[in-house]
Amino acid sequence: MTLPAPIRTHFSAEAPQDGAIFAAAFAPDAIVHDEGQIHHGPAEIEAWWQAAKAKYRHRAEPLDLAEVRGKTVVRARVSGDFPGSPAVLTFTFGLLGNCIRDLRIG
């Protein structure tokens, strides 16, 4: 499975040292939907990611990839410090060029 570059960055970045690299994978007007919250723009998205990494100390291993209605859908096994770990979550990415425009995690 070959992940597009910004999606590969999303799954391979290590917190806290790769925060700028992670944020750079997102478009200036990007939106992330996760746990009932919406995060706007690379700076806010990086802050959300750093906080989630610190809280859950999670890792995500991509399992498969599909294109669905113009979106790239990746199922990943997520393990960390949270009830039900590991869990398989769906990451639905909207790409714009070489950036993530939107991401919904569920």
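Against which helix and strands do the buried residues of H3 pack? The structure is a predicted model, in which local features need pLDDT of at least 70, side-chain atom pairs count only at pLDDT 80 or more, and totals for chains, interfaces and linings use all residues. Residues are numbered from 1 along each chain as its sequence is written, and side-chain values use heavy atoms, with hydrogens and water left out.

Helix H3 covers residues 41–56; helices (H or I, at least four residues) and strands (E, at least two) are DSSP runs, numbered from the N terminus. Its 16 residues reach 22 Å from the first C-alpha to the last, close to the 22 Å expected at 1.5 Å a residue, the expected span being 1.5 Å times one less than the number of residues. Arg-57, with a positive phi near 45°, follows H3.

Among the buried residues of H3 (under 20% relative accessible area, 1.4 Å probe, protein chains only) are Ile-45, Trp-48, Trp-49 and Tyr-56. The buried residues of H3 pack against helix H2 (19–24) and strands S1 (26–34), S2 (37–40), S3 (59–68) and S6 (99–105).

The largest nonpolar core, a set of buried Ala, Val, Leu, Ile, Met, Phe, Trp, Tyr and Cys residues joined through side-chain atoms within 4.5 Å, has 21 residues. Phe-11, Phe-26, Phe-91 and Phe-93 have the most contacts inside this core. Two or more residues come from each of H1 (5–12), S1, H3, S4 (71–79), S5 (87–96) and S6, and S1 gives the largest share, four residues.

Leaving aside neighbours within four places in sequence, Phe-26 is in contact (heavy atoms within 4.5 Å) with His-10, Val-32, Pro-42, Ile-45, Cys-99 and Ile-100. His-10 and Phe-11 are among the buried residues of H1.

Conventions:
Buried < 20%, exposed > 50% of the residue type's maximum accessible area, 1.4 Å probe, protein only.
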